[in-house]
Amino acid sequence: MNVKLINQPLETIAADLTLEFINANELESHPHSALLAQAGFKAENEQLCALHEHRILVCGIDKEASNELYRSAMASALKAAMNYSYASLKLSQYSAEHFAALIEGAVLGSYKFDAYKSEPKPSSLTEVIFSTENHDKTVNDADVLESILTQTLIIAKATNFVRDIVNQTPYDMTPQGMAVTAETLADKNGLECTILDVNGLEDEKMFAMLSVGRASVNPPRLIHLAYKPAKAKKVITLVGKGLTYDSGGLSLKAAASMVTMKMDKAGACAVMGIIKAVSELKLDIEVHAFIGAVENMIGGNAYKPDDVLRAKNGKTIEVRNTDAEGRLVLADVLGYAQANVNADYIFDYATLTGACMVALGPYTTGVMGHNETLKQEWVDAAKQSGEYCGILPFNRHLKKLIKSDLADVCNVSSKPYGGAITAALFLDNFIDENMKEKWVHFDIAGSAYTESAWDVHTYGGTGAGVRMTLNWLMEQCK
Ligand code: BES
Ligand code: ZN
Ligand code: ZN
């Protein structure tokens, strides 16, 4: 969707359809109040009414609605408008404060992934035009709106870029496919890019990650992307779980649970999207994105429950379940990232546990770590950005559940509850002492993918992690 801003009153802008958000108090004074009443329109949130004879689409919204409501209402309105045969839609501002939310609603809500359709049906609607004028005819500073538009488009498009990669099949997006995607992004955006193949991983003694990928015909890759501006205020390391497919390995998943496991690379895709946006926004922050791209499969040479693996930092891991593979990959990638970059913060993004979904529901990212202030900063950044985050607390008793009698640590918990937290406590074994307070783990198992539309999301990858991280990073630049 092409989103534009025109510094003119709404009336003077040419478009096929006008979108109006109205609240219940404005119903009576609306020029088409009788028609709206006839249609049963009560201006309830996201209630839509198309007055085609007047080329108007009316969308209900609460009085004093939040950004969250505007974002979601805009997405609903666009989804409806895309089913008509208009090519362009225009609307006014609802104060500059809500402009970013409306842009996000438009770009994220109109997203469609039809790469696998033999006959894609593109919508005739291709253009959304915002006037600089407010709904109440007051005017905004056009420069302020212009800069909101530029910034928001970069972030929303990066989110759609993530969705596009997540949505690709495991056949099309293998670990090598992830490496090629990263190289292409690096070329386009002037990033540094280093790829390690199996030999490189062996040289680095990354045997946990190598073991997970061993039974696959698609060998693992470690990807390191770096954005290094001249005057960086901070150095941030991002780590992403990139399981291009998670069959569960020998601890094979049940048939129904295996479906959607192409999304197990969503953490890796998110860190690529984040570094893409950071480089386009030209933020004064050095960002490193590390990705462990691996396929977890079965075969005669598969790693097994009962194996003991040695991770890059020297710790040994007793494997009791090969489906708890993400933490094994992250153990090595976290080790490699810390050995190669001395960062102010390290954040990891992973579709790590089904337990996180049980704990927080399917829309919310789990936030875990040792630094209470930092975790709260993230919950606030997520809220600001339109994502949901919830803190899952560590405690010393949960830590005991991943003790191993055989090795230094076990890859699964001895108790069936609190699985998102025990997974994070496993990762804690691979965080260096000096980084403990600077690390946050994001479990995006629930938030990264959806099979039913919600908020600004359509079927498939959601791009979870991108908007909240850009919000947090931009706060650091203030
Ligand atoms: N990739 C899965 C987690 C997952 C499940 C993500 C559902 C998205 C939706 C992960 O590798 C996994 O299989 N975890 C196991 C851990 C268990 C064996 C301790 C799980 O959650 O069941
Ligand atoms: Zn798994
Ligand atoms: Zn997994």
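**Figure 1. Lining of the largest pocket in the predicted model.** Helix α11 contributes three residues to the lining of the largest pocket, the most from any element. The pocket holds about 820 Å³ of space. Its lining consists of 37 residues, and those nearest the pocket centre are K253, T353, G354, A355 and M357. Two or more lining residues come from each of β9 (234-246), α8 (255-258), α11 (354-360), α14 (419-428) and β18 (449-450).

**Figure 2. Site of the zinc ion (ligand 2).** The protein donors are D246 (OD), D323 (O), D323 (OD) and E325 (OE), and they lie 2.0 to 2.2 Å from the zinc ion (ligand 2). D323 thus appears in the list with both O and OD. The six donor atoms of the site make angles of 71 to 166°, and the geometry is irregular. Along the sequence, the donor residues of the zinc ion (ligand 2) have the spacing D-x76-D-x1-E. D323 is partly exposed, because its relative accessibility is 22%. E325 has a relative accessible area of 1% and is therefore buried.

**Figure 3. Site of the zinc ion (ligand 3).** K241 (NZ), D246 (OD), D264 (OD) and E325 (OE) coordinate the zinc ion (ligand 3) at 1.9 to 2.4 Å. This site is octahedral, with angles of 77 to 172° among its six donor atoms. The donors of the zinc ion (ligand 3) are spaced K-x4-D-x17-D-x60-E in the chain. D264 is located in the loop between α8 and α9, and E325 in the loop between β12 (316-318) and α10 (326-340), so these two residues tie together parts of the chain 61 residues apart in sequence. D264 counts as buried because its relative accessible area is 2%.

**Figure 4. Bridge between the two zinc ions.** D246 bridges the zinc ion (ligand 2) and the zinc ion (ligand 3). The distance between these ions is 3.2 Å. E325 (OE) is listed among the donors of the zinc ion (ligand 2) and also among those of the zinc ion (ligand 3). D323, in contrast, is listed for the zinc ion (ligand 2), while K241 and D264 are listed for the zinc ion (ligand 3).

**Figure 5. The largest nonpolar core and the surroundings of L225.** The largest nonpolar core comprises 58 residues, and M178, L225 and F347 have the most contacts inside it. Helix α9 (residues 266-281) supplies 10 residues, the largest share of this core. A second core, separate from this one, has 50 residues, including V239, F290, Y336 and L425. With neighbours within four places in sequence set aside, L225 contacts A182, L185, A186, L191, E192, C193, M272, I275, V287, H288 and A289. M272 and I275, both in contact with L225, fall within the residue range of helix α9.

**Figure 6. K403 and its loop.** K403 lies in the loop that runs between α13 (396-400) and β16 (409-410). K403 is exposed, because its relative accessibility is 63%. The C-alpha atom of K403 is 9.9 Å from that of I317, a residue 86 places away along the chain.

How values were computed: Residues are numbered from 1 along each chain as its sequence is written. Chains are lettered from A and ligands numbered from 1 in the order in which they are written. This is a predicted model: local features need pLDDT of at least 70, side-chain atom pairs count only at pLDDT 80 or more; totals for chains, interfaces and linings use all residues. Side-chain values use heavy atoms; hydrogens and water are left out. A nonpolar core is a set of buried Ala, Val, Leu, Ile, Met, Phe, Trp, Tyr and Cys residues joined through side-chain atoms within 4.5 Å. Buried means under 20% relative accessible area, exposed over 50%, partly exposed in between (1.4 Å probe, protein chains only). Helices (H or I, at least four residues) and strands (E, at least two) are DSSP runs, numbered from the N terminus. Contact means heavy atoms within 4.5 Å. Donors are N, O and S atoms within 2.8 Å of the metal (3.2 Å for Na, K and Ca); water is not among the atoms, so sites may look incomplete. Four donors count as tetrahedral if all angles lie between 85 and 135 degrees; four count as square planar and six as octahedral if opposite donors are over 155 degrees apart and all others between 65 and 115; anything else is irregular. On a 1 Å grid over the protein atoms alone, a cavity is a set of points where a 1.4 Å probe fits but cannot get out, and a pocket is an open set with protein on both sides within 12 Å along at least five of seven lines; lining residues have an atom within 4 Å of a point. Grid points are joined across faces, edges and corners, and a volume is the space filled by probe spheres set on the points.
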